[in-house]
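Hi,

Here is the structure I promised to pass on, with my notes underneath. Have a look at it first, and then read on with the picture open beside you.

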Amino acid sequence: MPATAFPPPRLPPRFPPRPRPWARVLALFVSLALASGCSRETAAIPSDADDSMSDAVTAAPPAEAAFDSHLDIVDNNGRLRFDGTVDSDEARQAIAAAIDAAYPADRVTGAVAVDGNARPAPWLRGLAPFLAGFKAPGAAVRFRADAVELSGQVSPDERLRLRQLARAQFPGVRLTGLFGGVGGDDGNDPAAAALANLRPDTPAHGVESALNRMDVGFEPGSARITPDSLAVIAQAGQLLAAMPPERRIEIAGHAGGSGDPDADAALSRQRADAVKVQLIVNGVNPGAVEARAADAGERPDSVTFRVLN
């Protein structure tokens, strides 16, 4: 039998074959994934022209904008409601301690959140002594940055008392809202002076003229009355409440410029309603006030008044 011929054994090449570019990339990707604990982040893949691995850069998420710590407190007939956001747990605990010292636990509801993007509260130091003397059913206080705003149903005497208390506990902080217009700080405000001259027997045209001296402001694009307007509206409400019961007032809200007539009309009505609520809070009979939307006119971000009888 003839011998079987076997091909000569193949010797390994002197140099291993150079991996193809796609194989090198795949191997590199797998090794990086394993080294990073199977991270979901994708490694940068080198181009064919440059097979060196550049450092992968992970973009940091955009930082959230800082905002002011804030706290809202309402005394609802001896029951305290509150909410807010502060910069630290220490600040939250300080607020809780101030509230606990001033009100029984069963008459308090609310919560304060902590957010590291909040700025420190300059009003925190005087909060405890202020709340100890705050007791004013119907009043609300808003703490924002370097301002403290008073609103709600508060008599002139109570407004003056609370203003003096706030001035003592928050030196350097602006007092806005109903803190204004008491204690002889009306200055030369023509609207306040005109309202102060109203009497129960003032003719309708005189009442209307005095009301329309008020320059009621609103925050841009909203029906929230600016804090600086609250005091003069409260003064108007208290004076109107002393008028004859048959006297009726119409409030026309004005808004414009958004490019959407329906949205402008809705905002106009909301602004009239917001002023109506403030008048009612200060003693005006709800049935004596009407609210409606009007064209922007010459006062596109305010309200105007008309005495109906």
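Before the hairpin comes up, one term: two strands count as paired if DSSP finds at least two bridges between them. Please also keep in mind that this is a predicted model.

With that in hand, let's start at the hairpin. Strands β2 and β3 form it, with two residues between them. In the turn, Asn-77 has a positive phi of about 55°. The two strands, β2 (residues 70-76) and β3 (residues 79-86), run antiparallel and are joined by seven bridges. If you want one bridge to click on, take Asp-75, whose partner in β3 is Leu-80.

How many residues of β2 are buried? Five of its seven are, so the strand is mostly covered. Strand β2 also has β6 as a partner: five bridges join the two, again in the antiparallel sense. Here Leu-71 has Phe-143 in β6 as its bridge partner, and Phe-143 will come back further down.

Now the whole sheet. This is an open sheet of six strands, and its order is β4-β3-β2-β6-β7-β8, with mixed pairing. Which strands stand at the edges? They are β4 (108-114) and β8 (174-177); each has a single partner strand, so one side of each is left without a neighbour in the sheet. From one strand to the next, the twist averages 10°. As a general reminder, strands of a sheet pair through backbone hydrogen bonds, either parallel or antiparallel. The parallel sense is found between β7 (residues 147-152) and β8, which pair over four bridges. One of the residues involved is Glu-149, with Thr-176 in β8 as its bridge partner.

Next, the aromatic side chains. The structure holds five aromatic pairs. One of them is Trp-123 with Phe-143: the ring centres are 5.1 Å apart and the planes are at 40°, so the pair counts as tilted. Tilted covers plane angles that are neither under 30 degrees, which would be stacked, nor over 60, which would be edge-to-face. This pair links distant parts of the chain, since Trp-123 sits in the loop between β5 (118-119) and α3 (127-132), while Phe-143 belongs to strand β6 (residues 139-144), 20 residues apart. Both Trp-123 and Phe-143 are buried.

Phe-130 and Phe-170 make another tilted pair, at 5.4 Å centre to centre and with 55° between the planes. Distant parts of the chain meet here too: Phe-130 lies in helix α3 and Phe-170 in the loop between α4 (156-169) and β8, 40 residues apart. Phe-130 and Phe-170 are both buried. These four residues, together with Phe-134, form one aromatic cluster. There is also a charge placed over a ring: Lys-135 lies over the face of Tyr-103, at 4.9 Å from the ring centre.

There is a second sheet to look at. This open sheet has three strands in the order β10-β9-β11, with mixed pairing. At its edges are β10 (289-294) and β11 (303-307), each pairing on one side only. Neighbouring strands are turned by 25° against each other on average, direction ignored. Strands β9 and β11 pair in the antiparallel sense over five bridges, and Gly-253 stands opposite Val-303 in β11. Helix α6 packs on this sheet, touching β9 and β11, and its direction makes about 170° with that of β11.

Two acidic residues in this part of the chain are worth a click. Is Glu-250 buried or exposed? Glu-250, in strand β9 (residues 249-254), has 9% relative accessibility and therefore counts as buried. Its side chain makes a polar contact of 3.1 Å with the side chain of Arg-292. Beyond its neighbours within four places in sequence, Glu-250 is in contact with residues including Glu-290, Thr-304 and Phe-305.

Asp-215 is placed in the loop between α6 (204-211) and α7 (227-241). This residue is exposed, with a relative accessible area of 60%. Leaving aside neighbours within four places in sequence, Asp-215 is in contact with Ser-229, Arg-299 and Ser-302. The C-alpha atoms of Asp-215 and Ser-302 are separated by 6.9 Å, although the two residues are 87 apart along the chain.

Happy browsing, and best wishes!

Definitions and conventions:
Residues are numbered from 1 along each chain as its sequence is written. This is a predicted model: local features need pLDDT of at least 70, side-chain atom pairs count only at pLDDT 80 or more; totals for chains, interfaces and linings use all residues. Side-chain values use heavy atoms; hydrogens and water are left out. Axes are lines fitted to C-alpha atoms, for helices over the stretch in contact, and angles run from 0 to 180 degrees between N-to-C directions. Rings of Phe, Tyr and Trp (its six-membered ring) pair if their centres lie within 6.5 Å; planes under 30 degrees apart count as stacked, over 60 as edge-to-face and the rest as tilted. Buried means under 20% relative accessible area, exposed over 50%, partly exposed in between (1.4 Å probe, protein chains only). A charge sits over a ring if NZ of Lys or CZ of Arg is within 6 Å of the ring centre and within 35 degrees of the ring normal. A polar contact is a pair of N or O atoms within 3.5 Å; within protein, one must be able to donate a hydrogen and the other to accept it, and residues adjacent in sequence count only if both atoms are side-chain atoms. Contact means heavy atoms within 4.5 Å.
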